[in-house]
Amino acid sequence: MENKHRLRLFGSARVLALSSLLCAMSVVIGIFCKTYLNFGTGLFRITFENLPILISGIFYGPVIGAILGAATDLISYLLSPQAYPPNLIVTAGAMAVGLVSGLISRFAIKRSGYPRIIVSGALAHVVGSMIIKPIGLFQFYGYAVLFRIPLYLLIAPLEILLICLLYKNRNFRKIVEEHNDLR
């Protein structure tokens, strides 16, 4: 009975395992991109670390999306060679990506499939990546942080396109839709 209560948030051991894999993917993608696609002092980088967070929010809901966003950001911080404390506003931005994608996916867009993915992903990026994260980074970079917004105007559609391409795959759809109401 106790194990059933522990899994209630995730619904099943399978969703918990898939969420863990998505978290690990986000951390690895983030470290790779921050290392090899970084231009300058860390402010200008091409990164797709939000892709697994978006997937978790869209397909598993706002709570799992927010938890995954926070976990990913904090684990990435622990694995990076940064000398300053974690920026909790940036962590809130990562949480917002998962939360907003999940909220929009679950409650605002009634049509399942591509419209749900596109609108959820776009609004999650606007709130989390283009509003909240720049506020958190402003203390380090000043107004130069505003140059990240056009970068996300390129990254967000690419991540959404990748999710749509994954969603075309019948096996991917079966895996992510097995324990939710997106059918």
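**Exercise 1. Which residue just after helix 6 takes a positive phi?**

Step 1: Some ground rules first. This is a predicted model, where local features need pLDDT of at least 70 and side-chain atom pairs count only at pLDDT 80 or more, while totals for chains, interfaces and linings use all residues. Residues are numbered from 1 along each chain as its sequence is written, and side-chain values use heavy atoms, with hydrogens and water left out.

Step 2: Find the helix. Helices (DSSP H or I, at least four residues) and strands (E, at least two) are numbered from the N terminus. Helix 6 covers residues 114–141.

Step 3: Look just past that helix: Gly142 is there, with a positive phi of about 65°.

Step 4: While you're here, check helix 6 for a bend (the angle between axes fitted to the seven residues ending at a residue and the seven starting there). At Pro134, helix 6 bends by about 45°.

**Exercise 2. Work out how helix 6 packs on helix 7.**

Step 1: Two packed helices are described by the angle between their axes and the distance between the axes. Here the axes are lines fitted to C-alpha atoms over the stretch in contact, with angles from 0 to 180 degrees between N-to-C directions.

Step 2: Helix 7 spans residues 148–168, and its angle with helix 6 is about 150°, the axes being 9 Å apart.

Step 3: Classify the angle (under 35 degrees is roughly parallel, over 145 roughly antiparallel, 65 to 115 roughly perpendicular, the rest oblique). Helix 6 and helix 7 are therefore roughly antiparallel.

Step 4: Sort the contact residues (Ala, Val, Leu, Ile, Met, Phe, Trp, Tyr, Cys and Pro are nonpolar; Asp, Glu, Lys and Arg charged; the others, Gly among them, polar). For helix 6 with helix 7 you get 14 nonpolar, three polar and three charged.

**Exercise 3. Repeat the job for helix 3 and helix 4.**

Step 1: Helix 3 (residues 50–60) and helix 4 (residues 62–79) pack at about 160°, with axes 7 Å apart, so these two are roughly antiparallel to each other.

Step 2: List who meets whom (contact means heavy atoms within 4.5 Å). Helix 3 brings Pro52, Ile53, Ser56, Gly57 and Tyr60, and helix 4 brings Pro62, Ile64, Gly65, Leu68, Gly69 and Thr72.

Step 3: By class, that contact of helix 3 with helix 4 holds six nonpolar, five polar and no charged residues.

**Exercise 4. Is Glu49 buried or exposed? Then do the same for Ile160.**

Step 1: Set the cut-offs: buried is under 20% relative accessible area, exposed over 50%, partly exposed in between (1.4 Å probe, protein chains only).

Step 2: Glu49 sits in the loop between strand 2 (44–45) and helix 3. Its relative accessibility is 8%, so Glu49 counts as buried.

Step 3: Beyond neighbours within four places in sequence, Glu49 contacts Ser26, Ile29, Gly30, Lys34 and Glu159.

Step 4: Ile160, in helix 7, is buried because its relative accessible area is 9%. Again leaving aside neighbours within four places, Ile160 contacts Ile117, Ile118, Gly121 and Ala122.

**Exercise 5. Summarise the whole chain.**

Step 1: Count the elements: eight helices and two strands, in the order α-α-β-β-α-α-α-α-α-α.

Step 2: Of the 183 residues, 44% are buried.

Step 3: Take contacts between residues at least 6 apart in sequence: 72% join residues at least 24 apart.
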